[in-house]
Amino acid sequence: MAKIKMLNSTVGYDLAAAEYDKKEKFLNSFEQNKVVPLFGELKGKQILDVGAGTGRLALALHNIGAKVTALDVSFEMLKVLKDKNNKIETVVGEAQNLPFEDNSFDFVTAAFLVVHLKNPLSFFDEAFRVLKDGGKLIITNINQKEPPEVKTKQGKIKIESYYHRPEKIIEGLESLAFTIEKNIFVYENDIWINQIVVATK
Ligand SMILES: C[S@@+](CC[C@H](N)C(=O)[O-])C[C@H]1O[C@@H](n2cnc3c(N)ncnc32)[C@H](O)[C@@H]1O
């Protein structure tokens, strides 16, 4: 049997983009509608969605009044987002080197991104820098020990990913002077499947 290729996020998600939205229900099940309400009133608020992909979260936030900037390493994922809604600004870029000025956003968010970062701290550090004082970082950290197989038109692939213990995520954020407001767990059959963290600058 042919070995399944392990690809980095840029190459992997460019290949996976056309099929990605088929997984929307599955992805939503890791959040159980707990993420969007954490933002509160969003009219006129500036949000940076990092690893925004095809806009699953970015579109929901845009639809309730936020001004959303969607950043991703994958051009093809953002292209799917743009085809759905061209009012959301899209930026091809790297979570660990955000191309924005200091103190620019009311919120930075990242759903299903941290699992793809070997060193989430360098992303958290960048998020802290681009957040306004009092701004919030809202992230999710899924309990995924091994990269799953992903079906693409070119065959099955795997995309590099890394397991992060929830307490390490909290320690890392606190070491950068974030204040933890919420540390929520989503469970399935008594096992945590997703950690949702709200941290304030
Ligand atoms: C599992 S998808 C999540 C997409 C979207 N946030 C959602 O909730 O459906 C992960 C996304 O993170 C992007 N990504 C992975 N590593 C990244 C990095 N270092 N910087 C920016 N984006 C990254 C991938 O290209 C992909 O679009």
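**View A. Strand 2 beside strand 5 in the predicted model.** Three bridges connect strand 2 to strand 5 (residues 105-110), and the two strands run parallel. The structure shown in this and the following views is a predicted model. Within this pairing, I47 has F107 of strand 5 as its bridge partner. Strand 2 itself, which spans residues 46-50, is mostly covered, with four of its five residues buried.

**View B. Strand 2 beside strand 3, with the connection through helix 3.** Strand 2 also pairs with strand 3, again in the parallel sense, and here the pairing extends over five bridges. I47 has V68 as its bridge partner in strand 3, while in strand 5 the bridge partner of I47 is F107. From strand 2 the chain passes through helix 3 to reach strand 3, forming a β-α-β crossover that is right-handed.

**View C. Strand 3, strand 4 and the helix lying across them.** Strand 3, made up of residues 67-72, pairs with strand 4 in the parallel sense over four bridges. A70 is found opposite T90, a residue of strand 4. Helix 4 (residues 75-84) lies across both strand 3 and strand 4, and the helix runs at about 170° to strand 4.

**View D. The open sheet and its edges.** Seven strands form an open sheet in the order 4-3-2-5-6-10-9, and the pairing within this sheet is mixed. Strand 4 (89-92) and strand 9 (179-188) stand at the edges, and because each has a single partner strand, one side of each is left without a neighbour in the sheet. On average, neighbouring strands of this sheet are turned by 15° against each other, when direction is ignored.

**View E. Helix 6 across three strands of the sheet.** Helix 6, which comprises residues 166-175, lies across strand 6 (131-142), strand 9 and strand 10 (191-200). With respect to strand 10, helix 6 runs at about 10°, whereas helix 4 runs at about 170° to strand 4.

**View F. Surroundings of the ligand.** There are 21 residues around the ligand, of which S9, G51, G53, R56 and A95 come nearest. Helix 1 (9-20) and helix 3 (56-63) each contribute at least two residues to the shell around the ligand; helix 3 is also the helix through which the chain crosses from strand 2 to strand 3. By residue class, the shell around the ligand consists of twelve nonpolar, six polar and three charged residues.

Methods: Residues numbered from 1 in each chain as written. Predicted model: local features only at pLDDT ≥ 70, side-chain atom pairs only at ≥ 80, totals over all residues. Near = placed C-beta within 6 Å. Nonpolar A, V, L, I, M, F, W, Y, C, P; charged D, E, K, R; others polar. Pairing = 2+ DSSP bridges. Axes fitted to C-alpha atoms, helices over the stretch in contact; angles between N-to-C directions. Contact = placed C-beta atoms within 7 Å. Buried ≥ 20, exposed ≤ 12 C-beta atoms within 10 Å, placed from the backbone. Right-handed = clockwise from strand over helix to strand, strands pointing away.
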